[in-house]
Amino acid sequence: MNHYRKNLEQKTNNPVVTIKEFKTNPKNIFTERANETVGLFSGVSFTQARRFYNQILEFKELIDSKDDRNAEYKRQLPYIYMLKAKANYAKERKKIDQNFFDFIENNIDELDDDVHKFDLFCTLFEAVIAYSKGKLKSN
């Protein structure tokens with residue numbers, strides 16, 4: 001099996017919640033699935049998770065501050081994709097675990113030119129952070 005196919009299969013079998021589930025599971029994505037996903041994070045501190053969430057919030061605030069949200073989102077999208085590289089760096093430094101990395105990478109991979117998908121990711125990440133308090137290790 002080639003590397004690409006193996007990597008793709010790992011992504012599709014990954015238990016972390018993604019915005020793709022909103023189409024099939026809108027009732028539980030921000031509750032049960034977000035909470036289940038937090039339970040998979042074993043090597044992540046609340047502070048580290050919050051750092052990634054804060055970066056997403058910064059993009060959201062910038063996008064929301066513009067009259068043409070779609071145009072600003074498209075301008076910011078390459079920088080949003082950069083969070084995958086930052087997550088990889090944090091994973092290699094053992095600051096986050098594989099499941100948190102997968103949560104970031106898989107959700108960012110779902111983003112395209114549709115700002116509403118980004119809004120959905122922001123809401124999903126907010127739910128994950130809300131369920132994280134008291135469950136993730138503190139620094």
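Two residues are in contact here when heavy atoms of one lie within 4.5 Å of heavy atoms of the other, and this sense of the word applies at each stop of the tour through this predicted model.

**The whole chain**

Begin with the entire chain selected, where you will find six helices and zero strands, so that the order of elements, read from the N terminus, is α-α-α-α-α-α. Of the 139 residues in the chain, 42% are buried. If you look at contacts between residues at least 6 apart in sequence, 72% of them join residues that are at least 24 apart.

**Confidence along the chain**

Now colour the chain by pLDDT, which has a mean of 90, with 90% of the residues reaching 70 or more. Select residues 1–12 next, because this stretch deserves caution: pLDDT, the predictor's confidence in each residue, stays under 50 there, and the model has five contacts for these residues beyond four places in sequence.

**Helices α3 and α6**

Select residues 46–64, which form helix α3, together with residues 115–132, which form helix α6, and follow the two axes to where they come within 10 Å and cross at roughly 150°. An angle over 145 degrees counts as roughly antiparallel, and α3 and α6 are therefore described in that way. The crossing in which α3 passes α6 is left-handed.

To see what makes the contact, show the side chains of F46, A49, R50, F52, Y53, I56, F59, K60 and I63 on α3, and then those of V115, F118, D119, F121, C122, F125, E126, I129 and S132 on α6. Sorted by character, the residues of this contact comprise 13 nonpolar, one polar and four charged.

**F46**

Stay in helix α3 and centre the view on F46. Is this residue buried or exposed? F46 has a relative accessibility of 18%, and because buried means under 20%, F46 counts as buried. Leaving aside residues up to four places away in sequence, F46 touches I129, S132, K133, L136 and K137. For one of these, S132, you can check the spacing in the viewer: the C-alpha atoms of F46 and S132 are separated by 6.7 Å, although the two residues are 86 residues apart along the chain.

**K94**

For the last stop, move to the loop between α4 (69–92) and α5 (98–110), and select K94. The backbone of K94 has a positive phi of about 65°, although K94 is not a glycine. With 69% relative accessibility, K94 counts as exposed, whereas F46, at the previous stop, counts as buried.

Key. Residues are numbered from 1 along each chain as its sequence is written. This is a predicted model: local features need pLDDT of at least 70, side-chain atom pairs count only at pLDDT 80 or more; totals for chains, interfaces and linings use all residues. Side-chain values use heavy atoms; hydrogens and water are left out. Axes are lines fitted to C-alpha atoms, for helices over the stretch in contact, and angles run from 0 to 180 degrees between N-to-C directions. Helices (H or I, at least four residues) and strands (E, at least two) are DSSP runs, numbered from the N terminus. Angles under 35 degrees count as roughly parallel, over 145 as roughly antiparallel, 65 to 115 as roughly perpendicular and the rest as oblique. A crossing is left-handed if the near helix is turned anticlockwise from the far one by less than a right angle, and right-handed if clockwise. Ala, Val, Leu, Ile, Met, Phe, Trp, Tyr, Cys and Pro count as nonpolar, Asp, Glu, Lys and Arg as charged, and the others, Gly among them, as polar. pLDDT is the predictor's confidence in each residue, from 0 to 100. Buried means under 20% relative accessible area, exposed over 50%, partly exposed in between (1.4 Å probe, protein chains only).
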